[in-house]
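Student: I'd love to take a close look at one part of this model with you. Could you walk me through it, starting from one spot and working outwards?

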Amino acid sequence: FIAATAGSNAAWTPSASTNISNVDDTTPDDDTTYNVTDVQNEIDSFNFANLTGAIQTPVGIQWLCWIRDEAAGNSAMQRVYIGAATATGTSFDPGATYAYQREIIETDPDTSSTWTRAALNAAEWGYKYTAASSTVLTRVSQLAVELGLGGEVINPPPPPPPPPNPLTFKGYWGFDRLRPIKWLHHKEKQYGYQALYDPQRH
């Protein structure tokens, strides 16, 4: 899900147009459109599309922010969640090259319980500049969230190989275990024993 509409905070300076229009690209456009600041505690936050239809229960959120600093230096950022209250994530330094900063939020910050559809639909997500004494400007060019859904199997492992055929063997004279059976006829030779394949010995 990409940021969809303006939320309750728009403190960063847009490079053009509005804050939401600079971070709602399906594919990040880097320095073509972005929001920028170097002011401590400034927040942008946005609404995301509501969950609708028959989907599985949400079990976690991954926050993704396409972000960079304008120069090398020590800036600091936090993920922002706004629900019944405002909660922030772990502080990080974006670095001077655009990259996704990610954080997984497994429970609703308001309740410390499993996410519900209603809580997700009511939430705003955003970002906060937290450096106290930095002159490094930070740019954000896209904001998105991903959902983890209960019962969904992502990249399931391949099935195990089939067990060996118990009647497959390497050669008549190479067997360690034999059992007497009724006479078997093969071409013009007769054999009075049937080989039992032992996978631990062959």
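Student: Which residue in E10 is the bridge partner of Asn35?

Tutor: Happy to help! Asn35 has Val140 as its bridge partner in E10. Do keep in mind that this is a predicted model.

That pair belongs to the contact between strand E3 (residues 35-37) and strand E10 (residues 138-149), which run antiparallel and are joined by 3 bridges. Stepping back, E3 and E10 are part of an open sheet of 5 strands with antiparallel pairing, ordered E2-E3-E10-E5-E8. At the edges of this sheet stand strand E2 (13-14) and strand E8 (99-105); each has a single partner strand, so one side of each has no neighbour in the sheet.

There is also an open sheet with the strand order E1-E4-E9-E6-E7, again 5 strands paired antiparallel. Its edge strands, E1 (5-10) and E7 (86-88), each pair on one side only. From one strand to the next, the twist averages 25 degrees. E1 runs antiparallel to strand E4 (residues 43-47), and 4 bridges join them. Within E4, Asn47 stands opposite Thr5.

Now for confidence. The protein chain has an average pLDDT of 78, and 70% of the residues score at least 70. Residues 152-156 stay under 50, and the model gives them 1 contact beyond four places in sequence. Residues 168-202 are also below 50 in pLDDT, with 40 contacts in the model beyond near neighbours in sequence. Where pLDDT is low, predicted coordinates should not be read in detail.

Definitions and conventions
Residues are numbered from 1 along each chain as its sequence is written. This is a predicted model: local features need pLDDT of at least 70, side-chain atom pairs count only at pLDDT 80 or more; totals for chains, interfaces and linings use all residues. Side-chain values use heavy atoms; hydrogens and water are left out. Two strands pair if DSSP finds at least two bridges between them. Helices (H or I, at least four residues) and strands (E, at least two) are DSSP runs, numbered from the N terminus. Axes are lines fitted to C-alpha atoms, for helices over the stretch in contact, and angles run from 0 to 180 degrees between N-to-C directions. pLDDT is the predictor's confidence in each residue, from 0 to 100. Contact means heavy atoms within 4.5 Å.
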